[in-house]
Each structure stands twice: as structure tokens, then as C-alpha cells.
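Welcome, and thanks for taking a look at this one with me. Please open the sequence and the structure side by side before reading on.

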Amino acid sequence: MTKTITALATPPGVGGIAVIRISGDNAIPIVDSCFSGKIKLSDAKSHTVHYGNIQYENRIIDTVTAAVFRSPNSYTGEDIVEISCHGGMVVASEIIELIISLGAVQAEAGEFTKRAFLNGKIDLTQVEAVADIIHSLSVPGCMTAARQLTGEFTARLKELRQKLLDIASLLELELDFSDEDIEFTNREKIKLLINETRIYCNELADSYKSAEILRSGFFVAIAGYPNSGKSTLFNTLLQRNRAIVSEIPGTTRDYLEEMIYINGLAIRLTDTAGLRPTENIIEIEGIKLVESVLEQSDLILIINDLSISPDHSDKLLQSIKSKYKNSTIYLLQNKIDKVESSIIDSLPAEYDKEIRISAKAGVGIDSLKEILENEASQSIDRTKDILVNQRHSLLLKQCSSELENANSAIDSDMENEIIAIEIRSAAKTLGEITGDTWDEDVLNNIFSRFCIGK
Ligand SMILES: Nc1nc2c(ncn2[C@@H]2O[C@H](COP(=O)(O)OP(=O)(O)OP(=O)(O)O)[C@@H](O)[C@H]2O)c(=O)[nH]1
Ligand SMILES: [Mg+2]
């Protein structure tokens, strides 16, 4: 018999309603011993909602509704009661304490979902999709996670895994007939399937970067020489005065990070310290931090003070371009409001990835936002039905290299046994993604991302 667990499923604090979840063999009798409604919950059908009171020793704690879900047709696969009471911390805590005093135990983080997994209601990629939905920062990220939750990805992986296992079995069967020189499986067909699976694994593994953007936002760093207007641009994009702006070069020391949303896409924007040779220890530390920020950025905006000269930051631009080859880099010619229009007219036309703005006067900011949106959506274009995470990506790469080994074994006319071993280990690796095979450490790691009550 499993322990019956309980937890608040809604965020703590003041709210319209609070939902308390109870799951396990004793969920229904435990609630029955403190709930009074028209009928006892033990007589209630699955998927029904009942109105009544939660009371203890003749004292009514709250008027609630109790929803009953019977095993196996519930989130965890066990009997579940969900009590919706009035919002606020006091009532919900009192009810939880009462439920615990009647025999339930406080659930650990993610324990409801862990039970759902262990009872075969959902697989590991679906568990991860649940976590991604909860933590989702962007609409497309949430939508992709929701698609992953439907289990199509799992179905595809299972199909490929089964095909690999079938081939391994046929290769092994051939061994039993080795004297008769019978070939059950055509080597070319095997190679075709191996390649199809490898391409699938590689493509998915490569989508990890774009999935990360959906999960955590598109990283945009603002960099440049001191006083070029980085913090001013940061504030303008944020639409509030978050960073200190002053005419003194070297104002920003630490970096500042904030999230902005452009049409539902999460952009993680960072303002950094101005880059220049300096003796100041605090400033030197700040400049070191800039490098770590740029290292992680998907896109870098180099701000140049056009009122000094259009090519004032060229040296910096070239060195950043050669150092951060994986990032997209734009040059923003700032402070056009300070420059005479005759001078602007005499400038050579903007080249690709150069735009003129005034961070202070808000000129060119809409085009900049459009650029950020386009760049972010291009980077996530490849993510379709699954948010590949680091765990998936590593396993997919491992599977691909095991299949490559199988391929070379075929090419060099190795024994069936050897080929089958490679194919079987690739199939096992695919199984680890969905959780057909798993170990406790992996599970604990995944569930550590969950909150209590999920
Ligand atoms: N006229 C004009 N002034 C600007 C513009 N953008 C920034 N400034 C001014 O330039 C000065 C420096 O601006 P900041 O935003 O602090 O520059 P920064 O690049 O963050 O400087 P550090 O933090 O010192 O590296 C301030 O006096 C701003 O008001 C602009 O578009 N037009
Ligand atoms: Mg600044």
C-alpha cells in the first residue's frame, strides 16, 4: 500500500481559491472523515465534484468542493481528491494539517508527477514537458512543451527503438542458422534504417540550442565603449529607468539583466560595463564579467557614439566579431539626435547589421525591436514538437555514435553478434530518453525542478 500524500497545488498566498491535492490508496477515506456533503465521497463516481464542509470536531473550517478521481483514471494513477477551498494561507494550511493528522503525509516536490511516471501514466519526456510548461517564459515555448506532453515524440522514439530491437533480434536469429548460410535481414535495409535513425537523432540533438532559447529566452547583450549610451538603450527597451545613466564614462560596473517580451518571445537583455583600458579595480572586474556575458549571448549589440564618429568603435567591433563567432552582431550608431542632419546625409549607407538610433530620444527603437524579434524567431525556427534538453541531447548524440559503430561493423563484415550488440545499445539509449530504462539519480535530478504540489 502506498502512502497517501497531500500538498497545496496552487501558489501560496492570497487568491480566489486554493486547491489541495490528496493522492493515494487512502485519499478518499481520509477526506471522507472530515468532509460532509450530500453523499460520502466513497460512494461518489470518478470525475465528479461535490459540495460540502470540511469540519473537525464539529467546527467548520471551510465550505469547499471536492473533486474525486478514481484509480487508474487520475493524474497519478492513484485515487485522488482535490479540495478547492477559499484562497489565502490560513484556511488551506488548516485543511492540509487536518488531512495530515488523519493519516496523509506532506508530498515532496514533484511527487505527484513522480507517481504518475512510476505508475506508467506519463513517460520521462512528458514529465520534463510538465516542468517546461510550469517554468515556461514564452508562448512558443509553452506551446512546444504542450505538444511534447501529448506524447507524439515518445511514440516516434518508441517506434524507432522497436525497429532497432527487431533488427537486432533477426541478426541474432541468423546466428542460429549460421551453418545454413541464411540471411534473414538485408544488410542494405539495415543500413537504411540505421541512417534514418541517426539523421533523426542528430537533427534533434542540434535543436537543443533553439530549445534553450524557448526555455530561457533569447540572450541579447549590449556592449560598447564607455558613455556610448548602453544603459540608456537598456532603459528605453525596458521602458523604465532600471540602470543608472550619467555623462561620466564608466558608470555601469556590474552587469544588469532583465527580461523583455516582444510579441510573446522572451528576450533576456543585459547591460554591461563600458569596455576600455582602465586601472580601476572595480571597473576591471566589470570588464571581465562582460566577457562571460558575451560568451553566452545569442546576439550582441555594439553601441557606437555616432556624435564622436561613425567608425569610433570599429576596433572593438572587429575584435568582438573575431572572438564571438557564434553570436550575431549588430552595430548601433547611437545619438543620431546629436548629429547634424547634413553630416548624417553624408554618411555612407547603412550596411547589413548596422542601424542608426537615438536611445535617448527613442528613434529607431521600433526597428531594433523588430530585428530582435526576427533574430529570436529565426533561431527557434527549428524547434517543432519537442523541447530538447541537455539530457536528451547527450543521449541522442550517444545513440547516434552507437549507430555509427553498428554501421562500421556492417561495412567491415563483422560478426552478426557484434552488429547486434551495437544496435541494442543504441536502442537502450533511446529507451533512456523516454524512461523505459532509468536510474534513481536521473529521476531525482528531473524532479528537483518541480514545486511541491505538482
Ligand atoms: N543626445 C543623446 N545622448 C545620449 C543618447 N544615449 C545616451 N546619451 C547620453 O550619453 C551619456 C552616457 O549614457 P549611458 O547610457 O550612461 O552610457 P553607457 O554606455 O551606459 O556608459 P557606461 O555605463 O559608463 O559605460 C548620458 O549622458 C546619456 O544621457 C542619445 O541617444 N542621444
Ligand atoms: Mg552604463
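The numbered points below go through the domains, the metal site, the ligand and two further residues.

1. A word of caution to begin with: this is a predicted model. Please keep that in mind as you read the distances below.

2. Let's start with the overall layout. The domain assignment gives domain 1 (5-107), domain 2 (128-207 + 387-447) and domain 3 (213-380). Note that domain 2 is written as two stretches of the chain. Between the C-alpha centres of domain 1 and domain 2 there are 42 Å.

3. Which protein atoms are the donors of the magnesium ion (ligand 2)? They are OG of Ser231 and OG1 of Thr252, at 2.0 to 2.1 Å from the ion. Ser231 belongs to helix α9 (residues 230-238), while Thr252 sits in the loop between α9 and β9 (256-262). With 21 residues separating them, the pair links distant parts of the chain.

4. Are Ser231 and Thr252 buried or exposed? Both are buried, because each has under 20% relative accessible area.

5. Now to ligand 1, which is surrounded by 23 residues. The closest are Lys230, Thr232, Gly250, Thr251 and Thr252, so you will meet Thr252 here as well as at the magnesium ion. Helix α9 gives the largest share of this shell, with three residues. Sorted by class, the shell holds 12 polar, six charged and five nonpolar residues.

6. Some side chains make polar contacts with ligand 1. In Lys230, a polar side-chain atom is 2.7 Å from an oxygen atom of the ligand. For Ser231, a polar side-chain atom lies 2.8 Å from an oxygen atom of ligand 1. Thr252 likewise has a side-chain N or O atom 2.8 Å from a ligand oxygen. Ligand 1 taken alone exposes 650 Å², and the protein buries 92% of that.

7. Next, have a look at Arg147, in helix α5 (residues 139-149). How exposed is Arg147? Its relative accessible area is 34%, and therefore it counts as partly exposed. Arg147 and Ile96 are 51 residues apart in sequence, and their C-alpha atoms are 34 Å apart in space.

8. Finally, find Glu94 in helix α2 (residues 89-101). Glu94 is partly exposed because its relative accessible area is 29%. From Glu94 to Ile213 there are 119 residues in sequence and 41 Å in space, C-alpha to C-alpha.

Technical notes. Residues are numbered from 1 along each chain as its sequence is written. Chains are lettered from A and ligands numbered from 1 in the order in which they are written. This is a predicted model: local features need pLDDT of at least 70, side-chain atom pairs count only at pLDDT 80 or more; totals for chains, interfaces and linings use all residues. Side-chain values use heavy atoms; hydrogens and water are left out. Donors are N, O and S atoms within 2.8 Å of the metal (3.2 Å for Na, K and Ca); water is not among the atoms, so sites may look incomplete. Helices (H or I, at least four residues) and strands (E, at least two) are DSSP runs, numbered from the N terminus. Buried means under 20% relative accessible area, exposed over 50%, partly exposed in between (1.4 Å probe, protein chains only). A residue is near a molecule or strand if one of its heavy atoms lies within 4 Å of it. A polar contact is a pair of N or O atoms within 3.5 Å; within protein, one must be able to donate a hydrogen and the other to accept it, and residues adjacent in sequence count only if both atoms are side-chain atoms. Accessible areas come from the Shrake-Rupley method with a 1.4 Å probe; for residues, only the protein chains shown count as cover. Ala, Val, Leu, Ile, Met, Phe, Trp, Tyr, Cys and Pro count as nonpolar, Asp, Glu, Lys and Arg as charged, and the others, Gly among them, as polar. Domain bounds come from an automatic or database domain assignment.
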